[in-house]
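Welcome! Take a moment to turn the model around and look at it from a few sides. The report below is a short guided tour.

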Amino acid sequence: MSFVIGVDIGTGSTKAVLCTLDGEVVAVARRDHAPNLPRPGWAEMDPVHDWWTQVTEVLTELTTNANATNAFGDTAGGEGFARGVGDAGLSGGVRGAGGGEVVGVCVSGLGPCVVQADGELVPRRPAILYGIDSRATREIAELTEQLGAEAILERCGKELSSQAIGPKLAWLRRDAGDGWRPDDRWFSAHTYVIARLTGEWVLDHHTASQCDPFYDIHQQDWATGWVDAVLPGLALPPLVWPSEQVGVVHEAAAAATGLAVGTPVIAGTVDAWAEAFSVGVRRPGDLMLMYGSTMFFVQVLPAPTRVRGLWTTSGVEPGSHTLAAGMATSGSITTWLQELTGGIPFATLLAEAAAIPAGSEGLVLLPYFGGERTPIYDPLARGVIAGLTLRHGRGHLLRATYEGIACGVSQILDTFTGTERVVAVGGGTQGGLWAQIVSDVTGVEQVVPRQTIGASYGDALLAAIGIGAVPPDTDWTQADHVVVPDPSTARTYETLLRTYTELYPATRDQIHRLAEQ
């Protein structure tokens with residue numbers, strides 16, 4: 001029997017899933033990690049320990065996992081194994097769990113990130129993370145002035161922000177000085193792992209389209225003239241689409257992961273886009289709302305467009321385009337709150353929040369604990385909790401956190417047009433309270449899929465498509481239920497949203513002064 005593996009390197013963990021070629025989940029593996037925040041505005045990870053080592057661990061677990069062996073039983077061995085491989089026209093892979101064969105691997109990752117590594121793939125410094133790292137504010141201003149704000153928006157589909165890779169590369173080149181050598185390469189999270197698996201240096205079109213101002217969204221190719229003008233001599237990786245095979249597992253990687261030499265490796269992409277793909281957000285008008293460490297939005301477009309404040313990017317499928325937005329901190333605030341209140345079981349905290357009425361009895365929270373991306377683009381923004389009294393407890397704080405995030409979601413959804421279907425994904429949909437509050441505040445229905453594993457599940461589908469085992473239009477998604485707004489909360493949340501919207505401009509100057517201390 002043949003299997004594919006999807007691996008996703010997220011902000012809070014590395015997850016991997018082993019699937020059959022029809023999308024059945026056989027086994028999962030996970031390793032937790034967290035970004036390092038060495039100073040205000042910086043967010044980093046260790047590419048070797050947090051990315052590569054954890055990927056080798058989850059791959060090893062899935063190729064040798066005892067539970068997976070039991071699940072396969074007798075059907076995965078002998079004649080069934082040979083017949084499955086022949087029908088799919090596949091080769092390579094690893095005979096592991098119960099005589100089955102892993103015939104393809106795809107990796108996605110948090111991003112866009114940037115790590116500088118030498119010719120032996122040894123990082124020269126920690127990886128700089130996506131938009132939650134705002135260290136390159138000087139470079140954003142300089143590149144905007146050099147190339148022109150309108151020209152960047154027109155060519156790249158978005159304004160320069162902390163999400164863009166170009167300013168971070170400029171910061172690295174400036175900071176590294178002579179330490180940036182001719183054979184150095186730069187990677188995002190998943191492309192670093194791909195290089196460790198295959199020896200190949202590539203970048204998928206979607207991730208490249210977040211390397212502003214170095215990618216032309218209309219031509220869907222590198223904007224080489226601007227690269228030469230800004231960072232002369234910067235080497236650029238070949239571009240591929242996320243479902244393309246980019247290489248095969250080499251001998252050293254096979255020894256580290258349990259995969260067989262020659263196992264096909266598929267390009268993959270940024271985690272949010274892999275997650276959108278996993279739940280069938282593939283038609284114009286589809287919008288994914290991802291509940292995770294951050295809230296992320298991906299809408300499929302019929303054609304490239306420019307919307308100030310949002311990000312137009314290349315999509316997952318060849319030639320496609322998407323519109324995206326992202327908050328800086330969301331689920332990470334709930335983790336912080338749980339730790340702050342003594343590390344009680346989250347189920348207990350959630351039950352307490354569910355018992356609090358809509359509006360949190362007069363609390364309003366601005367979820368800008370790590371600055372903010374969409375919709376205010378303010379790296380100096382900070383969290384605010386307004387309305388606290390002695391009667392408020394930890395349940396009030398969690399509900400106010402969910403409601404504050406929901407208000408931010410409402411502001412962002414108002415900037416999207418042509419949305420026909422919203423699909424909710426991510427760990428935050430578990431339990432139901434957070435998603436229900438978002439629907440109540442925004443007035444939007446959300447489809448929740450049956451399979452909510454996330455980006456790694458989309459990676460597994462990309463692997464199956466990339467090796468030719470299933471047609472490119474294959475969709476493994478099945479809906480579980482729909483979250484419908486509760487009309488009884490409408491008046492309360494209308495007032496809350498107005499207060500939320502007024503609170504940021506009313507406190508911005510004071511918060512900026514505090515952020516600079």
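## Where two helices cross

Which hand does the crossing of α1 and α7 have? The crossing of these two helices is right-handed. This is a predicted model, so please read everything here as computed from it. Helix α1 covers residues 47-64 and helix α7 covers residues 189-198; their axes lie 10 Å apart and meet at an angle of about 60°. The two helices are therefore oblique to each other.

To find the contact, start on α1 with Pro47, Val48, Trp51, Trp52, Val55 and Leu59, then look across to Ala189, Tyr192, Val193, Arg196 and Leu197 of α7. Sorted by class, the residues of this contact are 10 nonpolar, no polar and 1 charged.

## Two more helix pairs

Further along the chain, helix α14 (residues 394-413) packs on helix α15 (residues 433-442), with an angle of about 45° and axes 8 Å apart. At that angle, α14 and α15 are therefore oblique to each other. Their crossing is right-handed. From α14, the contact takes in Arg399, Tyr402, Glu403, Ile405, Ala406, Cys407, Val409, Ser410 and Leu413, and from α15 it takes in Leu433, Trp434, Ile437, Val438, Val441 and Thr442. The classes in the contact of α14 with α15 are 11 nonpolar, 2 polar and 2 charged residues.

Now try helix α4 (residues 137-147) and helix α5 (residues 149-156), whose axes are 6 Å apart at an angle of about 90°. That angle makes α4 roughly perpendicular to α5. Leu143, Thr144 and Leu147 of α4 meet Ala149, Ala151 and Ile152 of α5. In this contact of α4 with α5 there are 5 nonpolar residues, 1 polar and no charged.

## The nonpolar cores

Next, let us look inside. The largest nonpolar core has 80 residues, and the members that touch the most others are Ile5, Trp51, Leu110, Leu129, Leu169 and Trp186. You have already met Trp51, which belongs to the α1 side of the contact with α7. Apart from this core lies another one of 46 residues, including Leu301, Leu310, Met327 and Tyr504.

What does leucine 129 contact, leaving aside its neighbours within four places in sequence? The list is Pro35, Ala43, Glu44, Met45, Trp51, Leu110, Pro112, Cys113 and Lys168. Two of these, Trp51 and Leu110, are also among the core members that touch the most others.

## A buried helix and a buried valine

Is helix α11 largely enclosed or open? In this helix (residues 271-278), 8 of the 8 residues are buried, so α11 is largely enclosed by the rest of the structure. Those buried residues are Asp271, Ala272, Trp273, Ala274, Glu275, Ala276, Phe277 and Ser278. Just after α11 comes glycine 280, with a positive phi of about 75°.

Valine 227 sits in helix α9 (residues 224-230). With 1% relative accessibility, valine 227 counts as buried. Not counting residues up to four places away in sequence, valine 227 touches Phe214, Pro232, Leu234 and Leu236. Valine 227 and glycine 166 are 61 residues apart in sequence, and their C-alpha atoms are 8.8 Å apart in space.

## Details of the backbone

Where can you find cis peptide bonds? One runs from glycine 111 to proline 112, with omega near 5°. Proline 112 is in the loop between β6 (101-109) and β7 (115-117), and this proline is one of the contacts of leucine 129. Another cis peptide bond joins threonine 374 and proline 375, with omega about 5°. Proline 375 belongs to the loop between β20 (364-366) and β21 (384-386).

Two residues other than glycine also deserve a look. Leucine 121 has a positive phi, near 65°, and is found in the loop between β7 and β8 (127-128). Its relative accessibility is 17%, so leucine 121 counts as buried. Serine 360 has a positive phi of about 55° although it is not a glycine. Serine 360 is placed in the loop between α13 (346-354) and β20, and at 0% relative accessibility it counts as buried.

Definitions and conventions:
Residues are numbered from 1 along each chain as its sequence is written. This is a predicted model: local features need pLDDT of at least 70, side-chain atom pairs count only at pLDDT 80 or more; totals for chains, interfaces and linings use all residues. Side-chain values use heavy atoms; hydrogens and water are left out. A nonpolar core is a set of buried Ala, Val, Leu, Ile, Met, Phe, Trp, Tyr and Cys residues joined through side-chain atoms within 4.5 Å. Buried means under 20% relative accessible area, exposed over 50%, partly exposed in between (1.4 Å probe, protein chains only). Contact means heavy atoms within 4.5 Å. Axes are lines fitted to C-alpha atoms, for helices over the stretch in contact, and angles run from 0 to 180 degrees between N-to-C directions. Helices (H or I, at least four residues) and strands (E, at least two) are DSSP runs, numbered from the N terminus. Angles under 35 degrees count as roughly parallel, over 145 as roughly antiparallel, 65 to 115 as roughly perpendicular and the rest as oblique. A crossing is left-handed if the near helix is turned anticlockwise from the far one by less than a right angle, and right-handed if clockwise. Ala, Val, Leu, Ile, Met, Phe, Trp, Tyr, Cys and Pro count as nonpolar, Asp, Glu, Lys and Arg as charged, and the others, Gly among them, as polar.
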